[in-house]
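Here is a protein chain to look over together. Let's ask how each label is earned, one step at a time.

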Amino acid sequence: QVQLVESGGGLVQAGGSLRLSCAASERTFDIYSMGWFRQAQGKDREFVASVTRSGSWTYYADSVKGRFTVSRDNAKNTLYLQMNILKPEDTAVYYCAADASVILTTTPKYWGQGTQVTVSS
């Protein structure tokens with residue numbers, strides 16, 4: 001079972017940037033598709049972004065397209081989420097997820113503990 005640990009969350013002003021990291025306990029390249037979900041207070045968890053098992057393709061929710069960039073560092077077994085032009089509505093707990101599939105589904109098998117991102121106005 002792969003362990004996932006997120007980091008990089010914090011408080012940022014609207015319009016600012018933040019980079020989240022997700023460190024995996026084992027090799028992920030060509031084994032796990034990976035991605036990010038988020039959950040705002042009083043809301044359901046929603047998909048944010050993902051990368052395929054090989055890292056060749058990326059997918060984004062319409063709400064973050066053009067502002068967020070997901071990537072993976074194969075040597076470090078680490079997933080990243082670069083968040084730019086942050087908005088107050090981006091405030092949520094962000095979760096890293098992984099699954100042994102080509103493309104990440106809506107119900108990944110492995111999850112991190114989450115990291116809080118708060119965007120002030």
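Q: Before we start on D90, what does contact mean here?
A: Contact means that heavy atoms lie within 4.5 Å. Keep in mind that this is a predicted model. With that cut-off, D90 touches R38, R67, F68, I85, V117 and V119, leaving out residues up to four places away in sequence.

Q: Where in the chain is D90?
A: Look at the loop between strand 8 (78-83) and strand 9 (92-99), and you'll find D90 there.

Q: Why is D90 called buried?
A: Buried means under 20% relative accessible area. D90 comes in at 1%, so D90 counts as buried.

Q: What makes the pair D90 and R38 a polar contact?
A: A polar contact needs a pair of N or O atoms within 3.5 Å. The side chains of D90 and R38 make one at 2.9 Å.

Q: What does F68, one of the residues D90 touches, look like from its own side?
A: F68 lies in strand 7. Setting aside neighbours within four places in sequence, F68 is in contact with R38, V48, Y60, L81, Q82, M83, N84, L86, D90 and Y94. Its C-alpha is 9.4 Å from that of R19, although the two are 49 residues apart in sequence.

Q: How do you know whether F68 is buried or exposed?
A: The limit for buried is under 20%. F68 has a relative accessible area of 3%, so F68 is buried.

Q: What about I85, another residue that D90 touches: what is noted about its phi?
A: Phi of I85 is near 50 degrees, which is a positive value in a residue other than glycine. I85 sits in the loop between strand 8 and strand 9.

Q: Which other residue has a phi near 65 degrees?
A: That's D30, again with a positive value in a residue other than glycine. You'll find D30 in the loop between strand 3 (18-24) and strand 4 (33-39).

Q: Why is D30 called partly exposed?
A: Buried is under 20% and exposed is over 50%, with partly exposed in between. D30 has 42% relative accessibility, so D30 counts as partly exposed.

Q: And why does T105 get its accessibility label?
A: T105 has 36% relative accessibility, so it falls in that in-between range and counts as partly exposed. Its place is the loop between strand 9 and strand 10 (110-111).

Q: What does T105 reach or touch?
A: The side chain of T105 reaches the backbone nitrogen of T107 at 3.3 Å. Leaving aside neighbours within four places in sequence, T105 is in contact with F37 and D99. The C-alpha atoms of T105 and M34 are separated by 9.4 Å, with their places 71 residues apart along the chain.

Q: Why is A49 called buried?
A: Its relative accessible area is 0%, and the label asks for under 20%, so A49 is buried. A49 belongs to strand 5 (residues 46-51). Beyond four places in sequence, its contacts are G35, W36, Y59, Y60, V70 and L81.

Q: How do you know which label fits V70, one of the contacts of A49?
A: V70 has a relative accessible area of 4%; set that against the limit of under 20%, and V70 is buried. V70 lies in strand 7 (residues 68-73). Its contacts beyond four places in sequence include W36, A49, S50 and L81.

Q: Stepping back, what makes up the secondary structure of the chain?
A: The count is zero helices and 11 strands.

Q: What makes the chain as compact as a globular protein of its length?
A: The globule rule gives 14 Å for 121 residues, and the radius of gyration of the chain is 13 Å, close to that value, so the chain is as compact as a globular protein of that length. Along the principal axes, the C-alpha atoms fill a box of roughly 40 × 25 × 25 Å.

Q: How much of the chain counts as buried?
A: Of its 121 residues, 44% do. The chain exposes about 6300 Å², and carbon and sulfur atoms supply 48% of that area.

Technical notes: Residues numbered from 1 in each chain as written. Predicted model: local features only at pLDDT ≥ 70, side-chain atom pairs only at ≥ 80, totals over all residues. Heavy atoms only, no water. Helix = DSSP H or I, 4+ residues; strand = E, 2+ residues; numbered from the N terminus. Buried < 20%, exposed > 50% of the residue type's maximum accessible area, 1.4 Å probe, protein only. Polar contact = N/O pair within 3.5 Å; in protein donor to acceptor, adjacent residues only side chain to side chain. Rg over C-alpha atoms; globule rule 2.2 N^0.38 Å. Areas by Shrake-Rupley, 256 points an atom, 1.4 Å probe, with all protein chains shown as cover.
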